[in-house]
Amino acid sequence: MPLEIAITQGLKNPESMGIFDDLEDALSEFNELINRRNWQKSVTTISLTDTDKKKCLAQYALQEFNHSES
């Protein structure tokens with residue numbers, strides 16, 4: 001099952017950050033992105049999607065601590 005991690009900036013279509021065949025690898029990368037602290041304010045969500053079934057498995061809305069100060 002190919003899993004895609006994508007970010008969304010405002011109301012734009014999601015932008016792919018990578019596609020993974022292994023669930024453990026996908027979850028590890030998803031977790032790293034969630035904990036990242038230097039996102040631009042325009043980035044609002046990170047999602048993990050099963051591309052075969054076109055189903056969103058997880059979505060995270062970025063919070064204040066995720067965004068950079070600049």
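The side chain of D50 reaches the backbone nitrogen of D52 at 3.0 Å, and the backbone nitrogen of K53 at 3.2 Å. This is a predicted model, and D50 is a good place to start looking around in it. From there, the tour moves to the chain as a whole, its nonpolar core, and a few residues outside that core.

**D50 and its surroundings**

- To find D50, look in strand β3.
- Is D50 buried or exposed? With a relative accessible area of 4%, under the 20% cut-off, D50 counts as buried.
- Although D50 is buried, it has no salt bridge. The nearest side chain of opposite charge belongs to K53, and it is 4.7 Å away. A salt bridge would need a side-chain nitrogen of Lys or Arg within 4 Å of a carboxyl oxygen, so K53 at 4.7 Å does not make one with D50.
- What does D50 touch beyond its neighbours within four places in sequence? The contacts are M1, P2, L3, K55 and L57.
- One of these partners, M1, is 49 residues away from D50 along the chain, while the C-alpha atoms of the two are separated by 6.6 Å.

**The chain as a whole**

- The chain holds 1 helix and 4 strands.
- Reading from the N terminus, the order of these elements is β-β-α-β-β.
- How does the chain compare with a globular protein of its length? Its radius of gyration is 12 Å, close to the 11 Å that the globule rule gives for 70 residues, so the chain is as compact as a globular protein of that length.
- Taken along the principal axes, the box filled by the C-alpha atoms is roughly 40 × 25 × 15 Å.
- Buried residues make up 34% of the 70 residues in the chain.
- Take the contacts between residues at least 6 apart in sequence: 45% of them join residues at least 24 apart.

**The largest nonpolar core**

- How many residues form the largest nonpolar core? There are 14, and those with the most contacts inside the core are I5, F30, W39, I46, L48 and L62.
- Three elements, β1 (3-9), α1 (23-35) and β3 (43-50), each give two or more residues to this core.
- Helix α1 supplies the largest share, with 4 residues.

**Two core residues up close**

- I5 sits in strand β1. Its relative accessibility is 0%, which means that I5 counts as buried.
- Setting aside neighbours within four places in sequence, I5 has contacts that include A26, E29, F30 and L33. Others on its list are E15, S16, M17, G18 and F20, along with I46, S47 and L48.
- E29, one of those partners, is 24 residues from I5 along the chain, and the C-alpha atoms of the two are separated by 8.3 Å.
- L62, also among the core residues with the most contacts, has its own set of partners. Neighbours within four places aside, L62 is in contact with W39, V43, T44, T45, I46 and H67.

**T8, in strand β1**

- T8 has its place in strand β1. T8 counts as buried because its relative accessibility is 13%, under the 20% cut-off.
- Which residues does T8 touch, not counting those up to four places away in sequence? They are P14, S42, V43, T44 and T45.

**Two loop residues**

- K54 lies in the loop between β3 and β4 (55-61).
- Is K54 buried or exposed? At 71% relative accessibility, over the 50% cut-off, K54 counts as exposed.
- The phi angle of K54 is near 55°, a positive value in a residue other than glycine.
- K54 and P2 are 52 residues apart in sequence, and their C-alpha atoms are 10 Å apart in space.
- R36 has its place in the loop between α1 and β3. The relative accessible area of R36 is 30%, so this residue is partly exposed.
- Along the chain, R36 and S68 are 32 residues apart; their C-alpha atoms are separated by 9.6 Å.

Conventions: Residues numbered from 1 in each chain as written. Predicted model: local features only at pLDDT ≥ 70, side-chain atom pairs only at ≥ 80, totals over all residues. Heavy atoms only, no water. Core = buried A, V, L, I, M, F, W, Y, C linked by side-chain atoms within 4.5 Å. Buried < 20%, exposed > 50% of the residue type's maximum accessible area, 1.4 Å probe, protein only. Contact = heavy atoms within 4.5 Å. Lys, Arg positive; Asp, Glu negative; His and termini not counted. Polar contact = N/O pair within 3.5 Å; in protein donor to acceptor, adjacent residues only side chain to side chain. Rg over C-alpha atoms; globule rule 2.2 N^0.38 Å.
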